[in-house]
Amino acid sequence: MRASDLLTPAPQGLYCPPADVWIDPVRPVARALITHGHSDHARAGHGAVLATEETLGIMAVRYGPDFTRRAEVARFGEPVIVNGVSFLFAPAGHVLGSAQIAVESEGTRIVVSGDYKRARDPTCAPFEPLACDVFITEATFGLPVFRHPPMEGEIAKLLSSVSLFPDRTHVVGAYALGKAQRMAALLRAAGYDRPIYIHGALDRLMAFYAAHGVDLGEIRLVSSQAKKDLRGEIVLCPPGAIQDLWSRRFADPVTAFASGWMRVRARARQRGVELPLIVSDHVDWDDLCATIREVAAAEVWVTHGQEDAICHWCAAQGIAARPLRLVGYGDEGEAEPDAAPEERTPGAEQPR
Amino acid sequence: MKPFADLLDRLAYEPRRNAKLALLRDYFVRAPDPDRGYALAAMTDALSFPHLKPALIRQLILERVDPVLFGLSYDYVGDLSETVALLWRRDAAIAETPTLAFVVESFANASKSDAPALLARMLDALDETGRWALLKLVTGALRIGVSARLAKTALAQVGEVAPDEVEHVWHALQPPYADLFAWIEKRGPRPESRDPAPFRPPMLAHAIEDADFDKLDAKDFVAEWKWDGIRVQVSGGASASGRQTVRLYSRTGDEISGAFPDLVESVGALDGALDGELIVMREGRVQSFNILQQRLNRKTVTPKMLLDYPAHIRAYDLLAEGGEDLRALPFHTRRARLEAFIARLDSPRLDLSPLIAFETWEQLRAARSDPAPAGAGDDAAAVEGCMIKRVDSPYLPGRPKGYWWKWKRDPFAVDAVLMYAQRGHGKRSSYYSDYTFGVWRAGDKGEELTPVGKAYFGFTDEELIQIDRFVRRETINRFGPVREVAHEPDKGLVFEVAFEGLQRSARHKSGLAMRFPRIARIRWDKRPRDADRLETLERMLAASDLAGAGNG
Ligand SMILES: [Zn+2]
Ligand SMILES: [Zn+2]
């Protein structure tokens with residue numbers, strides 16, 4: 001079977017005609033296969049949803065138990081056959097429950113990797129490379145300037161700031177699903193044993209992770225504390241909250257933000273961040289290239305992100321690559337904070 | 001290099017002055033000699049790397065990275081040093097990272113032909129932040145919002161001495177300042193060769209408003225003309241070895257002697273420190289600021305320029321004389337000493353700023369609105385208002401309350417800071433020629449600038465080119481055709497903005513809108529921290545509301 005007959009990009013998302021199912025559709029469909037719980041991939045209102053147990057749980061936390069009429073559990077390593085097409089879920093290492101989906105029929109195998117990363121993450125199962133004919137990848141950080149540093153160094157940066165400014169609350173922006181829990185787990189791994197404070201919007205997902213055996217230590221709600229008690233403490237909150245009224249409650253806060261975007265200084269300044277922490281749940285450039293080599297695909301399709309550079313790189317390696325230009329992705333998690341292309345005047349930035 | 005790189009990294013993101021000081025102190029305490037001395041030198045602009053130019057750095061990266069990937073990356077990041085720092089691959093086989101001292105000393109000893117390979121080897125051994133800091137250092141573009149004064153203040157705080165103390169010994173010292181650190185840490189004596197010509201931070205005035213006069217008794221005050229030049233300090237004396245030194249400083253403490261050799265030569269063996277206005281005099285008459293600016297704009301001083309634009313100082317205060325610090329003395333005592341000092345010096349390039357005779361505020365108001373018959377004579381066109389000083393005021397650094405006021409002729413003029421620049425239209429479309437500027441106010445996170453208006457005329461074509469260059473160099477953000485320009489207390493561009501009136505406006509965040517603002521003057525000599533505050537505009541608005549007219 002031709003790969004393009006097995007999976008076709010359409011306005012709703014990726015469609016598999018022989019099985020009549022969609023993967024991560026952005027609009028309601030009869031039957032959806034969902035890679036992970038970020039809201040740009042997992043939406044409410046589908047007739048049936050096939051996903052890992054954790055992803056189904058996260059969708060229930062976010063949208064309520066009626067997010068779909070029929071929820072079906074997919075287990076890693078146990079293929080689900082629909083009309084002769086096999087769908088195999090495998091860990092993606094992105095957030096708790098995140099999966100890649102290998103779609104196979106008549107000897108053609110396409111891997112939809114969803115969002116993924118290769119760096120160690122104590123909060124979820126690590127990415128498993130699957131050999132395939134076509135590898136469908138994101139390219140959120142698909143430029144060679146994005147090389148995520150070891151996260152221990154980023155955590156050390158946060159902890160040394162806390163000791164240098166013991167009277168200031170360190171307010172750390174972190175995406176509600178995945179990043180916030182990973183930051184808490186990394187702080188624990190670094191030996192930080194004070195309570196970690198959270199914005200109310202993070203409460204339910206924090207509890208969900210803890211119930212799934214991820215050790216986050218003592219988590220307290222900010223609203224449970226008097227303002228003065230938060231001096232010198234670490235507070236996790238959704239990224240939007242670091243700039244809004246909510247953060248004004250803290251005494252002289254240090255504004256931090258944990259994201260792969262923090263690699264580029266202009267991005268950090270744009271958000272008024274004083275302590276950028278480069279911690280990402282997406283592959284960086286090196287891991288993106290290494291993964292493409294490892295799965296040994298003859299063809300690479302790029303769903304969203306910085307596709308120009310990775311397509312150019314693939315071409316140079318003799319790998320056919322094409323952008324799918326799917327719309328609607330990148331709205332949660334490490335979405336591009338402002339997608340508008342920036343104006344740049346050649347030669348205008350010469351340092352003196 | 002790592003501690004220095006981490007310091008630069010934190011400073012580049014830190015807007016608060018006190019936090020910057022804390023970061024600097026922490027570094028000075030922890031970092032070893034001679035690294036910290038070189039760091040201090042980097043922040044006080046005392047280092048240069050003449051062999052390392054942006055073109056060379058671009059060439060080095062293109063030898064290592066696919067040009068298409070470089071182009072896409074540079075487009076995305078927007079800054080050459082940062083792009084190269086991020087694209088460069090660390091060589092994992094190199095276990096040792098170069099120290100800051102190694103970097104500085106190696107380039108000082110390297111030939112032009114060896115410099116590229118040396119730089120490449122250092123980049124191989126550093127991580128992203130290290131490479132970024134190295135490239136910023138060698139291209140001389142730290143841009144971390146730390147002035148020389150701030151760095152010295154942090155060092156002074158480490159040693160629990162007054163910042164002035166550091167200024168006093170500063171000019172006698174050389175990087176990496178081992179003796180300075182030894183003294184600061186009380187391990188060594190105060191550096192021996194005292195600077196015979198130190199900078200003394202100037203005393204600044206508040207803008208006076210009509211309501212202030214009711215509270216002030218004219219008998220307690222003297223007044224001088226406010227000259228339309230630039231504020232300078234002449235400092236001179238002899239070193240222990242007897243060598244005579246004279247230096248000319250801007251009001252921010254930058255030495256500008258090199259630009260005014262005619263003045264330096266003319267004041268000769270001055271022993272003391274004068275506060276005054278630098279102006280251009282032709283045939284005994286003070287020239288307009290525009291004429292002075294033509295001299296200020298030139299990079300090199302030619303003999304013709306010395307002839308065409310003779311520089312002159314009109315003195316109004318004496319801060320030290322013959323090793324004696326006069327700053328604690330009352331104004332009238334200093335004034336008497338100043339008059340005698342100027343008479344003794346008898347230099348054709350130096351004269352006394354006259355006092356204005358007045359007994360009531362009404363008389364002073366009349367003098368201010370028509371200076372010629374009130375004593376300014378032929379120089380009246382160069383008068384931009386009056387300075388009002390308490391006769392008993394000591395000379396205090398900064399802007400102390402209750403001693404000095406400035407009373408400008410045009411009540412509707414403020415010093416504002418350039419915040420955003422936008423491309424112009426028509427023949428100006430290739431220049432950033434529309435400027436949004438702001439004034440200070442107290443924000444949630446401390447002092448912040450709030451935009452108060454937008455102007456796109458009032459400057460010459462030549463000035464436009466200079467501002468455009470500044471905008472491109474100091475861009476911190478881009479939004480379509482608009483660039484956000486650095487605007488921090490010690491980094492940014494100050495405009496004197498003149499306007500015809502003020503009105504309330506819900507559209508503006510500041511709540512105010514200016515009518516017909518124009519750039520009256522570019523204040524290259526001022527720092528953003530010296531710009532006006534929103535309260536000043538509020539009071540102007542209140543006053544004009546009362547007067548029932550929006551025109552002054
Ligand atoms: Zn995601
Ligand atoms: Zn995504």
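Contact here means heavy atoms within 4.5 Å, and with that cut-off in mind the tour of this predicted model can begin where its two chains meet.

**The interface**

Select the residues of each chain that touch the other: 53 residues come from chain B and 45 residues from chain A. Between chain B and chain A an area of about 4500 Å² is buried, and carbon and sulfur atoms give 47% of it. Now pick out B:Arg10, B:Tyr13 and B:Tyr76, which together supply 19% of the area that chain B buries against chain A, more than any other three residues.

Turn next to the polar side of this interface, where 12 residue pairs between chain B and chain A are in polar contact, both residues of a pair being at pLDDT 80 or more, and where six salt bridges are found across the interface. For a salt bridge to display, show the side chains of A:Arg263 and B:Glu128, which meet at 3.7 Å, N to O.

Colouring chain B by secondary structure shows which elements each bring at least two residues to the side that touches chain A: helix H1 (2–13), helix H2 (17–30), helix H4 (54–62), helix H5 (67–77), helix H6 (80–87), helix H9 (128–138), helix H20 (461–473) and strand E15 (475–479). The most is given by H5(B), with eight residues. If the same side of chain B is coloured by residue class instead, its residues divide into 23 nonpolar, 10 polar and 20 charged.

**The two zinc ions**

Move to chain A and select the zinc ion (ligand 1), which is coordinated by A:His36 (NE2), A:His38 (ND1), A:His94 (NE2) and A:Asp115 (OD), at 2.1 to 2.2 Å. Along the chain these donors follow the spacing H-x1-H-x55-H-x20-D. The arrangement of the four donor atoms around the zinc ion (ligand 1) is irregular because they subtend angles of 91 to 161 degrees.

Keep A:Asp115 selected, since it bridges the zinc ion (ligand 1) and the zinc ion (ligand 2), which lie 3.6 Å apart. The zinc ion (ligand 2) has as its protein donors A:His41 (NE2) and A:Asp115 (OD), lying 2.1 to 2.2 Å from it. This pair links distant parts of the chain, 74 residues apart: A:His41 is in the loop between strand E4 (31–33) and strand E5 (46–51) of chain A, whereas A:Asp115 is in the loop between strand E10 (108–112) and strand E11 (134–139) of chain A.

**Around A:Tyr15**

Still in chain A, centre the view on A:Tyr15, which is found in strand E2 (residues 13–16). Leaving aside residues up to four places away in sequence, A:Tyr15 touches A:Leu6, A:Leu7, A:Thr8, A:Asp20, A:Val21 and A:Trp22. With A:Asp20 there is also a polar contact between the two side chains, at 2.6 Å. For a further distance to display, take A:Tyr15 and A:Pro25, which are 10 residues apart in sequence and 8.3 Å apart in space, C-alpha to C-alpha.

**Backbone details**

The last stops concern the backbone, and it helps to recall that most residues other than glycine have a negative phi, and most peptide bonds are trans. Select A:Glu106, in the loop between strand E9 (99–105) and E10 of chain A, where phi is near 45 degrees, a positive value in a residue other than glycine.

Then go to chain B and select B:Asp33 and B:Pro34, which are joined by a cis peptide bond with omega about -5 degrees; B:Pro34 has its place in the loop between H2 and helix H3 (35–43) of chain B. Finally, the peptide bond from B:Pro175 to B:Pro176 is cis, with omega near 5 degrees, and B:Pro176 lies in the loop between helix H11 (163–170) and helix H12 (178–184) of chain B.

Note on methods:
Residues are numbered from 1 along each chain as its sequence is written. Chains are lettered from A and ligands numbered from 1 in the order in which they are written. This is a predicted model: local features need pLDDT of at least 70, side-chain atom pairs count only at pLDDT 80 or more; totals for chains, interfaces and linings use all residues. Side-chain values use heavy atoms; hydrogens and water are left out. Helices (H or I, at least four residues) and strands (E, at least two) are DSSP runs, numbered from the N terminus. A polar contact is a pair of N or O atoms within 3.5 Å; within protein, one must be able to donate a hydrogen and the other to accept it, and residues adjacent in sequence count only if both atoms are side-chain atoms. Buried area is the accessible area (1.4 Å probe) that two parts lose on being put together, summed over both. A salt bridge is a side-chain nitrogen of Lys or Arg within 4 Å of a carboxyl oxygen of Asp or Glu. Ala, Val, Leu, Ile, Met, Phe, Trp, Tyr, Cys and Pro count as nonpolar, Asp, Glu, Lys and Arg as charged, and the others, Gly among them, as polar. Donors are N, O and S atoms within 2.8 Å of the metal (3.2 Å for Na, K and Ca); water is not among the atoms, so sites may look incomplete. Four donors count as tetrahedral if all angles lie between 85 and 135 degrees; four count as square planar and six as octahedral if opposite donors are over 155 degrees apart and all others between 65 and 115; anything else is irregular.
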